[in-house]
Amino acid sequence: MSASPKPIAPALPARRTFLPFALPDIGDREIDAVTAVLRSGWLTTGPEVQAFEKEFAAAVGVGHAVAVNSCTAALHLGLEALGLGRGDEVLTSTMTFTATAEVVEYLGARTRFVDVEPGTLNMSPAGVRRVIASEYRRSGDGWRHHQSGARLKAIVPVHFAGHLADMAGFVALGEELGVAVLDDAAHAFPAGRNGRGVGAFGCPTAFSFYATKTMTTAEGGMLTTDDGELAARVRLMALHGISRDAWKRYTAEGTWFYEVVEAGYKYNLTDMAAAMGRVQLARAGEMLARRSRIADAYRAAFDGSAQLEVPGTESGVEHAWHLYPLQLRLTGLRIDRAAFIEELRARNIGASVHFIPLHRQPFYRDRYGYQAKDFPVAEEAYPRLVSLPIYSRMTDEDVQDVVAAVGDICDRHRS
Ligand SMILES: *Cc1c(COP(=O)(O)O)cnc(C)c1O
């Protein structure tokens, strides 16, 4: 580094308007589709949901897709169908949203968070294997935690930012250990790894259509699987535990007869949402292509910077680019992450942080006694994470504004 003071660049004019961190990509086709449902007289679960499920199953390449009103619901129902309950335990990534873990608590089971790998910030099969080797012992009916005594029932991988985790590895590990795998693919539609698409690795998979996700129905989700029995259980529990077989069997009573065979939930998707989802599904590839170009532009601008580390990608991965999580190199900067985000805001650029690791959150920390030292990779990454805007409605100028603002902040605050 040169000892002479660097000339300070003239202040960049900030954007005139604020660039939000995330915006849904809704056009006339979505608006027309929803309007048609509103005019049809049938608003809630009906023909649009049925068509959406069929089209989504075909897109993923699986036998069954059950539409629900959130990914949280899909995760909850997926774990319920796998038989998760009291005395069971679930391993998942600490770098995720609380929805991934709260559903385990709904069912009275325990979570054990696992640290992630540098670069991708994904949980790996090797990391899970290490946790099992050190904390669980084999007992008659599976693997039990040496302290809680709980039985390891499921592994829930997450695809941080849209970078598909090693799903083939997780499914193989699950088979080897006799532990179920449920895929939280909230960030990862569409995405792939080594030529296989998300959802096509042989385990049930949950998708999110929340407003900021890669395709949206405002609120919505989907559980996909090749297992017909599991799909039937999810479908039953998604709508009050009311059996549909009853009216199929007794056609004379067809219009009014039903049987409640379980105390189910109210998780069904509306036809308005499904109509929006069908259009978004048809546009998912085109929206991903736009996000990929934005990711390319960010990489070209930031890779190799002394202040910035771009998201790591493994070869063979088709990234969904739901998020663009930069990691600041704090030794190259005189400001911290919070100030960096303030500086972005001062330049009219929205940003966010994904995620505050779950082991740090009061509920989980207090309940399980997690300690920072057990999550060295997440702890090292967390204070450096800044998610930049990446969505298909961004114009080339928006992207250049982000690049210029980030570059300007790095220039002004380099150490
Ligand atoms: C958004 C998100 C969810 C929950 O999705 P909803 O559709 O809002 O319920 C679950 N897991 C992860 C990793 C998410 O980011």
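Helices here are DSSP runs of H or I with at least four residues, numbered from the N terminus. With that in hand, welcome to three close-up views of a predicted model.

**View 1. Helix 9 and the glycine that follows.** Just past the end of helix 9 sits Gly 304, whose phi is positive, at about 90°. Helix 9 itself covers residues 271-302, and its 32 residues should span 46 Å at 1.5 Å a residue. The C-alpha atoms at its two ends lie 43 Å apart, which agrees with that expected span. Look along helix 9 for a kink of about 50°, centred on Arg 283.

**View 2. Arg 337, a buried charge in helix 10.** Arg 337 belongs to helix 10, which runs over residues 337-346. What is the nearest side chain of opposite charge to Arg 337? That is Asp 336, at 6.9 Å, and buried Arg 337 has no salt bridge. The side chain of Arg 337 does reach the backbone oxygen of Tyr 382, at 2.7 Å. Beyond its neighbours within four places in sequence, Arg 337 is in contact with several residues, including Leu 328, Leu 330, Val 353, Tyr 382 and Pro 383.

**View 3. Pro 389 in its loop.** Find Pro 389 in the loop that joins strand 18 (385-388) to helix 13 (396-412). Is Pro 389 buried or exposed? Pro 389 counts as buried because its relative accessible area is 0%. Setting aside residues up to four places away in sequence, Pro 389 touches Leu 19, Pro 20, Phe 21, Ile 294, Tyr 298, Ile 349, Gly 350, Met 394 and Val 402. From the C-alpha atom of Pro 389 to that of Gly 197, 192 residues away along the chain, the separation is 25 Å.

Terms used: Residues are numbered from 1 along each chain as its sequence is written. This is a predicted model: local features need pLDDT of at least 70, side-chain atom pairs count only at pLDDT 80 or more; totals for chains, interfaces and linings use all residues. Side-chain values use heavy atoms; hydrogens and water are left out. Buried means under 20% relative accessible area, exposed over 50%, partly exposed in between (1.4 Å probe, protein chains only). Lys and Arg count as positive and Asp and Glu as negative; His and the chain ends are not counted. A salt bridge is a side-chain nitrogen of Lys or Arg within 4 Å of a carboxyl oxygen of Asp or Glu. A polar contact is a pair of N or O atoms within 3.5 Å; within protein, one must be able to donate a hydrogen and the other to accept it, and residues adjacent in sequence count only if both atoms are side-chain atoms. Contact means heavy atoms within 4.5 Å. The expected span of a helix is 1.5 Å times one less than its number of residues. The bend at a residue is the angle between axes fitted to the seven residues ending there and the seven starting there.
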